[in-house]
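I am opening a notebook page on this chain, and I want to set down, in order, what I looked up in it. I begin with the contacts and the surface, then turn to the sheet, the helices and the nonpolar cores.

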Amino acid sequence: MTSRTAPAFASPGWPRLTQAQAPLTHSVDVVNERGEREQVQIPAERPLTVYVDKRELVTLMTLGAQPELLVLGYLRNQRLVESVFDIESITVDWEVHAAAVRTRHGIARIEERTASKVVTTGCGQGSVFGGLMDEVDRIALPDARLTQAQLYGIVNAIRLKETTYKSAGSVHGCALFRGEDLLIFVEDVGRHNAIDTIAGWMWMNPESVEPDLADSEAPHSGYSQESRAVGAEAIPPHGAHVPMSGGDKVFYTTGRLTSEMVIKSAQMGVPIVVSRSGMTQMGHAVAQQLGLCAIGRATNRRFVCYSGEHRLVLQPELATPPSVAPAATTNTAV
């Protein structure tokens, strides 16, 4: 396991992130159904305890592919930080299985905001902090459409992707698309870890950063309350960081669509989610409340749209591949 410092961004306002590296799979001996011994790869699973300003926050069970982005996205999706520039550095050390987060100004009321915990149905992480449901009423998703042809393109792109799941199994994959174009693909032992990593990636790949950002000690200080609205396409003041918009994106996951996954997608401003698996009752209720398009059981040419069907442009003629015309027969008179 190694750890190295990531290349610095042009602006000193960006957080410093290490690039901690660890093996993603582990080789073990097994006996197969024929009684034969062979070696197979299984996904690595390791704890990562997150400390914020030397205060222990949470332990995440993770594959460890991109732990710094995982931590950054976790802090974002739990609404503990409002801007990427609230973070001075994230240092991951796999020797002690710890991530040390240093903030610029601390986290206000951190004890109160992390006191309530809700056990989730997600795998790989025991609990998340309460209050996610409180965000739902504040989320306004932008208008967006996805064609059935684009949906098939997304499913096919995932099918062709070389993944840890194909070599070792037992992991979840999540991806972010713009139309049929794959922007980022992440695998982890928990689907919520994968979506948090994508949230962190979106923060580190903004739409734009104004030139005077480097000279600001607190680049986010000029944000008005309106510009912080979750999922809103608000325009922040001059000199502000403009996070990557989710309005023209599609989120894909191999895991089921729980309420947590739906809310996190909406928090990133992504109005369309696709799953290879199904959906929970609460996930469905939240998606309907948000007007979010939730598509499940998306394999090959099959899928079901659970909610937000107004965002899906149906092309039913694409659902069945063209049939092969039967060969012509020749009648020979006797």
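I looked first at contacts between residues with a sequence separation of 6 or more, and found that 57% of them join residues 24 or more positions apart. I note here that the model is predicted, so I keep in mind that every value below is computed from it. The chain has 334 residues, of which 50% count as buried, and its accessible surface comes to about 16500 Å², with 50% of that belonging to carbon and sulfur atoms.

Next I went through the secondary structure, where I counted eight helices and 19 strands. I followed one open sheet of six strands, whose order is β12-β11-β15-β16-β17-β18 and whose pairing is mixed. At its edges I found β12 (181-188) and β18 (302-307), each of which pairs on one side only. From one strand to the next, the twist averages 20°.

Within this sheet I checked how β11 (residues 172-178) meets β15 (residues 250-253), and the two pair in the antiparallel sense over four bridges. In this pairing I located Cys 174, which stands opposite Thr 253 in β15.

I then asked which helices pack on these strands. Helix α4 (residues 148-160) touches β11, β12, β15, β16 (272-275), β17 (293-299) and β18, and its direction makes about 140° with that of β11. Helix α6 (residues 191-204) lies across β11, β12 and β15, and I recorded that α6 runs at about 35° to β11.

How do the axes of α6 and α7 cross? I found that the axis of α6 and that of helix α7 (residues 259-267) come within 11 Å and cross at roughly 5°; since angles under 35 degrees count as roughly parallel, α6 and α7 are therefore roughly parallel to each other. In the contact between them, Arg 191, His 192, Ile 195 and Asp 196 of α6 meet Glu 260, Met 261, Lys 264 and Ser 265 of α7.

Last, I looked up the nonpolar cores. The largest has 59 residues, and those with the most contacts inside it are Val 50, Leu 75, Leu 290 and Leu 292; α6 gives the most to this core, with eight residues. I followed Leu 75 further and, leaving aside its neighbours within four places in sequence, I found it in contact with Val 52, Leu 57, Leu 80, Val 81, Ile 87 and Val 101. Apart from the largest core I noted another, of 19 residues, which includes Leu 146, Cys 293, Ile 295 and Leu 312.

Key. Residues numbered from 1 in each chain as written. Predicted model: local features only at pLDDT ≥ 70, side-chain atom pairs only at ≥ 80, totals over all residues. Heavy atoms only, no water. Pairing = 2+ DSSP bridges. Axes fitted to C-alpha atoms, helices over the stretch in contact; angles between N-to-C directions. Contact = heavy atoms within 4.5 Å. Core = buried A, V, L, I, M, F, W, Y, C linked by side-chain atoms within 4.5 Å. Buried < 20%, exposed > 50% of the residue type's maximum accessible area, 1.4 Å probe, protein only. Areas by Shrake-Rupley, 256 points an atom, 1.4 Å probe, with all protein chains shown as cover. Parallel < 35°, antiparallel > 145°, perpendicular 65-115°, else oblique.
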